[in-house]
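I sat down with this one to see how its pieces fit together. My notes follow, in the order I looked things up.

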Amino acid sequence: MKRHNNIAMGRKAESIYTAMKNNWVKQTKQEKVCETRQRIESFEAQMERYAASKAGYAYINGISMPILSA
């Protein structure tokens, strides 16, 4: 009696085009995440660098706004 090992494939094999397309989508998403993270970090650094001593910051609707006192 012969034993046949059946390899259960979960999905169809990717073609080169499909693999490149999937990698491009993943890379684009990662680039957007890195760009957003860089924008947030640079904004925070700029706020610290240019913070006025007579200014207070109020958090309004998700935005940190400087409020200058006279």
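**The strand pair**

I started with β1 and strand β2 (residues 63–68), which pair in the antiparallel sense over six bridges. Pairing here takes at least two DSSP bridges between two strands. Strands are DSSP runs of E with at least two residues, helices are runs of H or I with at least four, and both are numbered from the N terminus. Across from Ala-55 I found Leu-68 in β2.

**What I am looking at**

This is a predicted model, so I note the ground rules: local features need pLDDT of at least 70, side-chain atom pairs count only at pLDDT 80 or more, and totals for chains, interfaces and linings use all residues. Residues are numbered from 1 along each chain as its sequence is written, and side-chain values use heavy atoms, with hydrogens and water left out.

I checked pLDDT, the predictor's confidence in each residue on a scale from 0 to 100. The protein averages 80, and 76% of the residues score at least 70. By element, β1 has the lowest mean pLDDT at 79, while α1 has the highest at 90.

I counted out the secondary structure as one helix and two strands, and along the sequence they read α-β-β.

**Gly-56**

Next I went to Gly-56, which lies in strand β1 (residues 55–60). Is Gly-56 partly exposed or buried? I log it as partly exposed because its relative accessibility is 31%. The cut-offs are under 20% relative accessible area for buried, over 50% for exposed and partly exposed in between, with a 1.4 Å probe and protein chains only.

Which residues does Gly-56 touch, leaving aside those up to four places away in sequence? I get Met-65, Pro-66 and Ile-67, where contact means heavy atoms within 4.5 Å. I also noted Leu-68: Gly-56 and Leu-68 are 12 residues apart in sequence, yet 6.4 Å apart in space, C-alpha to C-alpha.

**The turn**

The hairpin of β1 and β2 has two residues between the strands. Asn-61 is found in that loop, and I flagged its phi, which is positive at about 50° although Asn-61 is not a glycine. I call Asn-61 exposed because its relative accessible area is 77%.

**Surface**

Met-65, one of the Gly-56 contacts, is found in strand β2. Its relative accessibility is 40%, so I put Met-65 down as partly exposed. Met-65 also joins Ile-60 and Ile-63 in a nonpolar surface patch, with about 280 Å² of accessible area together. Patch members have over 30% relative accessible area and no salt bridge; nonpolar side chains (Val, Leu, Ile, Met, Phe, Trp, Tyr) are joined within 5 Å, like charges within 9 Å.

For the protein I have about 7,300 Å² exposed, with carbon and sulfur atoms supplying 57% of it. Areas come from the Shrake-Rupley method with a 1.4 Å probe, and for residues only the protein chains shown count as cover. Of the 70 residues, 1% count as buried.

**Salt bridge**

Last, I looked for salt bridges, meaning a side-chain nitrogen of Lys or Arg within 4 Å of a carboxyl oxygen of Asp or Glu. The count is one. Arg-39 pairs with Glu-35, and their closest N and O atoms are 2.9 Å apart. Both lie in helix α1 (residues 16–49), four residues apart, about one turn of the helix. I score Arg-39 as exposed because its relative accessibility is 56%, and Glu-35 as partly exposed because its value is 44%.
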